[in-house]
Amino acid sequence: MSLSFMRLQLFVMLAFLFSFVLSAFDALAQERAISTLNNLPRIEITSGISLHIVSPEPIQKVDISSHALVGDLLESNVLRLKIVPDSVYLLLRTPDASVVVTVIGETFIAQYQLCFSPPGLGLTPTLLNISPEDCHPLEVSGVGLSTPAMKVHALSLLRNRSTSAIRKADGYGVCTRLNQVYTLGEYIFLDLSFENKTGLRYSIDELRFKIEDKKITKATNAQSVEIAPIWQLYPLTSFKRNYRNVFVLKKMTFPENKLLNIELTEKQISGRTITLKVKYGDILKADTF
């Protein structure tokens, strides 16, 4: 056997091995890129019983592949699904009596195969938490910072309890403090705390953020621009002694002759109002995560 023939055989074997490896990688890539009905998590649903799906972040969109099921959002991250009365026959017509439900969050997409189960068995789930292994990463246009990420950063601010107030205001026995200002990209995190020094519980009506003139004279028209927080850590509530929360605003700029006024108002009948004045320099001096 000549040396050239042996080299030819070796070349053919290497080419075959290389082609086999490429085919294996291509098959693996396709397997990872494509989800099939049989590979989706299988969840049973029964007529008359609602299934609640809890998402780790606010739900942006939901798709249900059959008119036999309806869904609504009880909360921004809680989806309720139930079978439409007298529509079980539609489920039984579908292959394997199953429906695909797609849930799209801020940063993920998850799919489930819902299968009809006859009532009376007592094994139908009523609550499903979307787990990380069910989520596929997704970049949704318009979502800069996800809710879980904002929550992580907000909680990190609350762990710092030794800060001195950047700004504070007192009125009617209630003290308002701006503890910390942090920025992350296009977002501003404001750490606010409130202390009630009276024996009367303070029931929050509104907490408003306004950019207003430092000095208002009778000869000029006062201009006020209200800024709505895009997210807050805790809901507004009443407090007996202390209340602390973190609010997230989109990046903003305003001239030196204006202030960011944070106005806390109480529900009637008492109606105590306290305004905390924040300078633009306080925003410029913000720390970054």
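A residue counts as buried here when its relative accessible area is under 20%. By that rule, 37% of the 289 residues of the protein chain are buried. Keep in mind that this is a predicted model.

**Figure 1. The whole chain at a glance: four helices and 20 strands.**
Start by getting your bearings in the protein chain, which exposes about 17600 Å². Carbon and sulfur atoms supply 56% of that exposed area. Now think about who touches whom: among contacts between residues at least 6 apart in sequence, 64% join residues at least 24 apart.

**Figure 2. How confident is the prediction, from helix H1 to strand E2?**
The mean pLDDT of the protein chain is 84, and 80% of its residues reach 70 or more. Confidence is lowest in helix H1, residues 3-33, where the mean is 53. At the other end of the scale sits E2, where confidence is highest, at 96. Take a look at residues 27-31 too: pLDDT stays under 50 there. For that stretch, the model has zero contacts beyond four places in sequence.

**Figure 3. An open sheet of four strands, in the order E4-E5-E2-E8.**
The pairing in this sheet is mixed. Which strands sit at the edges? They are E4 (69-75) and E8 (127-129), and each of them pairs on one side only. Neighbouring strands of the sheet are turned by 25° against each other on average, if you ignore direction. Zoom in on E2 and E5 (residues 78-83) and you'll find four bridges joining them, with the two strands running antiparallel.

**Figure 4. Close-up on isoleucine 53, a residue of strand E2.**
Is isoleucine 53 buried or exposed? Its relative accessible area is just 1%, so with the limit for buried set at under 20%, isoleucine 53 is buried. Across in E5, leucine 79 stands opposite isoleucine 53. Leaving aside residues up to four places away in sequence, isoleucine 53 touches Asn77, Val78, Leu79, Leu81, Leu128 and Ile130. You can also look from isoleucine 53 over to valine 103: the two are 50 residues apart in sequence, yet their C-alpha atoms are 9.2 Å apart in space.

**Figure 5. Strand E6 with its partners E3 and E7.**
Five of the seven residues of E6 (residues 98-104) are buried, so this strand is largely enclosed by the rest of the structure. E3 (residues 61-64) is joined to E6 by four bridges, and the two run antiparallel. E6 is also joined to E7 (residues 108-116), this time by seven bridges, again with an antiparallel run. How many residues lie between E6 and E7 in their hairpin? There are three. Valine 101 is a handy residue to follow here: this residue of E6 is the bridge partner of isoleucine 64. Valine 101 also stands opposite tyrosine 112 in E7.

**Figure 6. Arginine 80 meets aspartate 72 in a salt bridge.**
A search of the whole structure turns up eight salt bridges, and here's one of them: the side chains of arginine 80 and aspartate 72 come together at 2.7 Å, N to O. Arginine 80 is partly exposed, with a relative accessible area of 23%. Aspartate 72 is partly exposed as well, at 30%.

**Figure 7. Glutamate 226 and arginine 208 form a salt bridge.**
The closest N and O atoms of glutamate 226 and arginine 208 are 2.7 Å apart. This pair links distant parts of the chain: glutamate 226 is in strand E14 (residues 224-227), while arginine 208 is in strand E13 (residues 202-213), 18 residues away. Glutamate 226 counts as partly exposed, at 45% relative accessibility. Arginine 208 is partly exposed too, with a relative accessible area of 25%.

**Figure 8. Aspartate 213 and lysine 258, another salt bridge.**
In this view, the closest N and O atoms of aspartate 213 and lysine 258 are 2.4 Å apart. The pair connects distant parts of the chain, with aspartate 213 in E13 and lysine 258 in strand E18 (residues 258-266), 45 residues apart. Are these partners buried or exposed? Aspartate 213 has a relative accessible area of 17%, which is under 20%, so aspartate 213 is buried. Lysine 258 counts as buried as well, at 14% relative accessibility.

Technical notes:
Residues are numbered from 1 along each chain as its sequence is written. Side-chain values use heavy atoms; hydrogens and water are left out. Buried means under 20% relative accessible area, exposed over 50%, partly exposed in between (1.4 Å probe, protein chains only). Contact means heavy atoms within 4.5 Å. Two strands pair if DSSP finds at least two bridges between them. pLDDT is the predictor's confidence in each residue, from 0 to 100. A salt bridge is a side-chain nitrogen of Lys or Arg within 4 Å of a carboxyl oxygen of Asp or Glu. Axes are lines fitted to C-alpha atoms, for helices over the stretch in contact, and angles run from 0 to 180 degrees between N-to-C directions. Accessible areas come from the Shrake-Rupley method with a 1.4 Å probe; for residues, only the protein chains shown count as cover.
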